[in-house]
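Please look over the structure below before reading on. The report starts from one residue and then moves outward to the sheets and the whole chain.

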Amino acid sequence: MAELTRRRFTLAGLGAAATGVVVGGEGTPARAAAADATDGTAQSSFGPVTVKPTDRRYKDLLVRGYNRRFTGNPDYVRLVGSTAQVVQAVNEAVAAGKRVTVRGGGHCLEDFVDDPDVKVVIDLSEMRSVSFDSAMNAFVIQGGAILSQVYRTLDLGWGVTIPGGSCPPVGVGGHITGGGYGVLSRQYGLVADNLVAVEVVVVDSSGTAKAVIATKSASDPNRDLWWASAGGGGGNFGIVTRFWLRSPGATGTDPTTLLPPTPGGIMINTLYWDWSQLDQAAFTRIATNFGTWHEQNSAPGAAANQLWASLIAVRQGKGGVVVRSQVDPTVAGNQQLLTSFAAAMTQNVAPAPSNTTTGTLPWLYTTTTSAGEVGDVFGIPSLQLRSKTKGAFHKKGFTSTQLGVIYQYMTNSAYSYSGGLMGLFSFGGQVNALSTTANAVPHRDSVMLASFSNYWADATADDQQLQWIRQLYRDVYTSTGGVPVPNTVTDGNYVNWPDPDLADPLWNTSGVPWSTIYYKGNYAKLQQIKATWDPRNIFHHNLSVSSS
């Protein structure tokens, strides 16, 4: 079986925009003070630490970025251990006239942090505690935590989890502020849908930094800040230092009931076809089956939301077509659901795929242990991994014409390098139970999330590799100007998969601005919030919310 099928490979939650959006808290001064106490002592022993280019640690901090296409050269990196240290660091940078940004997990897909214009990087990686805040009656997570840490602490401590991504090293800062999608989202919504409060460092019109707690409470005068941060994307309004999470509708004070319960286990079914087995018609049937099933089984409250699946088509030479589905087998009916899904995927498909199903795997170990990073699949060391990712929300599956385009790009031998792939991922379910204005996430009627990616190591091949992935994306969405405009079939793009090409008229000929593709009708409100909370545009990047 191909390399890809031997690895635990999924793009769900891969790549989050740079940390840095304001979100909310429960609002009263008493509660805010109580919450501040959780930040103080535990973190006061670390930092701040300033690392300059002459320091041996400087290179280590620079290579925390995911995409080697981008390399920053800041004047210094400031490692911080508390919110007060973040305030101090921002004040110093602003007073010195230095452009400042923030790094959490380091998985931003574009150059929002590793930009030569950035002179100060505030690194939150030592602010990673996860605890229960009884004063706020919510779980509090510091902005530098990564998903694997969050899953482990929540599960071992209270038997709960969040519906976040499946890439363990991704940081919560960018992930949550962009919405936070993962394999449990069909059951429990996005992580941002479980967000009740956030503390964020903002800069006022005088150039003074301060920490603000904004909340979901209707009576909170800072509520718009929470709203913007729950899906408005990272790097727009300030630096998140803490998130407070509690499930919508959760009641009482027992922490074990205030977030989704940890699944009892994982059972995975894998179907695999090598490209040598597939002609265009067979590939089209497999992908059509995948789309049709999701169109029919993704309504809020549907029993089928217990299942999450992906279809990944890897360029010829490094893999084939993999359909991977998973459930919690301890829930009655789920094993039958897994079997029926596999049957639906193979309906009217010849030849038959290899078909394997695991036993019941432990949830925490399986979720937090990577058997291989993306670069490993293509034989690229992480320090050489260069990439480009483009995305799209889908309300309906691809047409046969679109699938013909994808088939040709994945199998055409005229393209000599085999680092490209296309993925489809389950969406919808409980995500779609909210309105498009409940928070800043506007994508509330899609059933799948599509991803197009390319990976390579040779810097001299950047133009060739970028051209391939850009042309693939353009040709798939050629009927709507080369991009997935919001309509009855597609619904724009996921903000945690930033793509500056959407702002380039060479690649976006639709006439629909990038801001509509990411934020739809919510963009005007985000602009108003930007003007209020970041009036000097201190926090910005090349796809950031503008105040005008």
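## A buried asparagine

N439 counts as buried, because its relative accessibility is 2% and the cut-off for burial is under 20%. The model is a predicted one.

Where does N439 lie? It sits in the loop between β15 (420–426) and β16 (448–456). Its side chain makes a polar contact with the side chain of R444, at 2.8 Å. R444 also appears among the contacts of N439 once neighbours within four places in sequence are set aside. The others on that list are A192, D193, W226, W227, A230 and N522.

## The seven-strand sheet

The two strands that flank this loop, β15 and β16, belong to an open sheet of seven strands. The order is β13-β10-β12-β11-β15-β16-β14. Pairing is antiparallel. Which strands stand at the edges? They are β13 (354–357) and β14 (386–394). Each has a single partner strand, so one side of each is left without a neighbour in the sheet. From one strand to the next, the twist averages 15°.

Helix α12 (residues 400–411) packs on this sheet. It touches β11 (308–314), β15 and β16. The direction of α12 makes about 140° with that of β15.

At the β13 edge, strand β10 (residues 267–273) is joined to β13 by four bridges. These two strands run antiparallel. L271 has N355 of β13 as its bridge partner.

## The five-strand sheet

A further open sheet has five strands, in the order β5-β6-β9-β7-β8. Here too the pairing is antiparallel. Edge positions fall to β5 and β8 (209–215). Each of them has a single partner strand, so one of its sides has no neighbour in the sheet. Neighbouring strands are turned by 25° against each other on average, direction ignored.

Helix α4 (residues 147–158) packs on this sheet and touches β5 and β6. Its direction makes about 50° with that of β5.

β5 and β6 form a hairpin with four residues between them. In the turn, N137 has a positive phi of about 55°. Strand β5 (residues 130–133) and strand β6 (residues 138–142) run antiparallel and are joined by four bridges. Two of the facing residues can be named. F132 has F139 as its bridge partner in β6, and D133 stands opposite A138.

The two helices that pack on the sheets can be set side by side:

| Helix | Strands touched | Angle between directions |
|---|---|---|
| α12 (residues 400–411) | β11, β15 and β16 | about 140° with β15 |
| α4 (residues 147–158) | β5 and β6 | about 50° with β5 |

## The whole chain

The protein has 15 helices and 16 strands. Does its radius of gyration agree with or depart from that of a compact globule? For 548 residues, a compact globule would have a radius of gyration near 24 Å; the protein has 22 Å, which agrees. The C-alpha atoms fill a box of roughly 65 × 55 × 45 Å along the principal axes.

Of the 548 residues, 62% count as buried, and N439 is one that does. The exposed area is about 18,700 Å². Carbon and sulfur atoms supply 51% of that area.

What share of contacts joins residues at least 24 apart in sequence? Among contacts between residues at least 6 apart, the share is 77%.

Methods
Residues numbered from 1 in each chain as written. Predicted model: local features only at pLDDT ≥ 70, side-chain atom pairs only at ≥ 80, totals over all residues. Heavy atoms only, no water. Buried < 20%, exposed > 50% of the residue type's maximum accessible area, 1.4 Å probe, protein only. Polar contact = N/O pair within 3.5 Å; in protein donor to acceptor, adjacent residues only side chain to side chain. Contact = heavy atoms within 4.5 Å. Pairing = 2+ DSSP bridges. Axes fitted to C-alpha atoms, helices over the stretch in contact; angles between N-to-C directions. Rg over C-alpha atoms; globule rule 2.2 N^0.38 Å. Areas by Shrake-Rupley, 256 points an atom, 1.4 Å probe, with all protein chains shown as cover.
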